[in-house]
Amino acid sequence: TGIGATATSASLATTAERVRAGSSGSRPTVAESGSLWYNTDTSTLEVYTGESGALWSGLTPALTPYNIDYLVVGGGGGAGFDVGGGGGSGGMLTGNFLASPSGIFTVTVGGGGGSSQTVSVRGTSGQNSLISGGSISTVTAFGGGGGGSYNSPSTANGLDGGSGGGGGHSNGAAGSGTIGQGNNGGPSAPTSWGGGGGGGAGGIGATGISGQNVLGGLGASSDITGVSTLYAGGGYGNLDGGTVRPTGQNYAGTVLGVYGYGANGTGSPNNSSYNGNSGVVILKVLTSRYTGTTTGEPTVTTNGSDTILTYTSSGTYTA
């Protein structure tokens, strides 16, 4: 049976003849109405209409669901002040979901936790990042736990989160990470004077050592953008009077990750403390299915046959 107003000729009897393929320039200029052509230039199935000026017309693809890959990282935890533990990284989740056409998916990017300039105040936890909407179950990456600070266990203990915050001075306990998202922080030095490292998506934070800075947990890598990249590392734990280190690096200079890393702990007295880094949500869509309908100004790039949306602030994508 032909497609269109008339049936195809009986001479077009085989599939190979009915659905031929080639570039735009190689399409026949005369064919039976309803003949099909797969355009290799545009990856589009076309039908011959015979209309002047538009002999071949693209067919509208069926509105079928399609897969979207994702990476979601929560905001990193803030550092503890005064021989502080490192902030835990935001939780990190990867996977995919089936998107129905016209479905609207809301992206929420969690901010980093804060870090006080007051002695004996631990860092606050980062905020959650998530994807919700359509018919999918909400995907939530938890914010990282804040790092512990100086003094009693009520302020020295690191907070739980996507990854746990490091313990602060005076035998602060480590915060716990969330299984499947991150790891535990490290406790402070048993003899004090050394904060523990914050947990990272790729490893636990180091136990504090008296008189030394210690590493936060490593970040975890993902190649969702086409380039293998580290995300969500834990902040380092600081010793008493320790040198202030750049946010986003542990004391050895290893990059913790471009998004969702926990803040580095601070020494005593009066070293500036750090806030955790904001999270990120990244979506990967086949370019042939990408609608271009977004809010929130994501960064849009391509890699091979995929379009990559990187959200550093909240927004939406309409499938």
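Okay, let's start with one residue: Asp-69 is partly exposed, at 26% relative accessibility. Asp-69 makes a salt bridge to Lys-284, and the closest N and O atoms there are 3.7 Å apart. That pair ties together distant parts of the chain, since Asp-69 belongs to strand E5, residues 66–73, and Lys-284 to strand E12, residues 280–286, with the two positions 215 residues apart in sequence. Before I go on, keep in mind that this is a predicted model.

How many salt bridges does a search of the whole structure find? Two. You've just heard about Asp-69 with Lys-284; Arg-27 with Glu-46 is also a salt bridge, with its closest N and O atoms 2.9 Å apart. Here too distant parts of the chain are linked: Arg-27 is in the loop between strand E1 (19–22) and E2, while Glu-46 is in strand E3, residues 44–51, and they are 19 residues apart. As for burial, Arg-27 is partly exposed at 24% relative accessible area, whereas Glu-46 counts as buried at 7%.

Now stay around Glu-46, and look at Asn-39. You'll find Asn-39 in strand E2, residues 36–39. Is Asn-39 buried or exposed? Buried, with a relative accessible area of 1%, against a cut-off of 20%. The side chain of Asn-39 has a polar contact of 3.2 Å with the side chain of Glu-46. A polar atom of the Asn-39 side chain also lies 2.8 Å from the backbone nitrogen of Asp-41. If you skip the neighbours within four places in sequence, Asn-39 is in contact with Gly-22, Ser-23, Ser-24, Arg-27, Thr-44 and Glu-46. So both partners of the Arg-27 to Glu-46 salt bridge turn up in that contact list for Asn-39, given that heavy atoms within 4.5 Å count as a contact.

On to the aromatics. The structure holds five aromatic pairs. One of them is Trp-37 with Trp-56, a tilted pair at 6.2 Å centre to centre and 55° between the planes. Trp-37 sits in strand E2 and Trp-56 in strand E4, residues 54–58, so this pair too links distant parts of the chain, 19 residues apart. Both of these tryptophans, Trp-37 and Trp-56, are buried. Another tilted pair is Phe-97 with Phe-105, at 5.0 Å centre to centre and 40° between the planes. Phe-97 is buried at 7% relative accessibility, and Phe-105 is buried at 2%. There's a cluster as well: Trp-37, Tyr-48 and Trp-56 form one aromatic cluster.

Next, a sheet. What is the strand order in the open sheet of five strands? E9-E8-E7-E16-E13, with antiparallel pairing. Strand E9 (139–141) and strand E13 (294–295) are at the edges with a single partner strand each, so one side of each has no neighbour in the sheet. Further in, strand E7 (residues 104–108) and strand E16 (residues 315–318) run antiparallel and are joined by four bridges. If you want one to click on, Thr-106 has Thr-316 in E16 as its bridge partner.

Last, some totals. The protein chain has two helices and 16 strands. Of its 319 residues, 48% count as buried. Among contacts with a separation of 6 or more, 53% come from residues 24 or more positions apart. And the accessible surface of the chain is about 13,300 Å², with 51% of that belonging to carbon and sulfur atoms.

How values were computed:
Residues are numbered from 1 along each chain as its sequence is written. This is a predicted model: local features need pLDDT of at least 70, side-chain atom pairs count only at pLDDT 80 or more; totals for chains, interfaces and linings use all residues. Side-chain values use heavy atoms; hydrogens and water are left out. Two strands pair if DSSP finds at least two bridges between them. Buried means under 20% relative accessible area, exposed over 50%, partly exposed in between (1.4 Å probe, protein chains only). Accessible areas come from the Shrake-Rupley method with a 1.4 Å probe; for residues, only the protein chains shown count as cover. A polar contact is a pair of N or O atoms within 3.5 Å; within protein, one must be able to donate a hydrogen and the other to accept it, and residues adjacent in sequence count only if both atoms are side-chain atoms. A salt bridge is a side-chain nitrogen of Lys or Arg within 4 Å of a carboxyl oxygen of Asp or Glu. Rings of Phe, Tyr and Trp (its six-membered ring) pair if their centres lie within 6.5 Å; planes under 30 degrees apart count as stacked, over 60 as edge-to-face and the rest as tilted.
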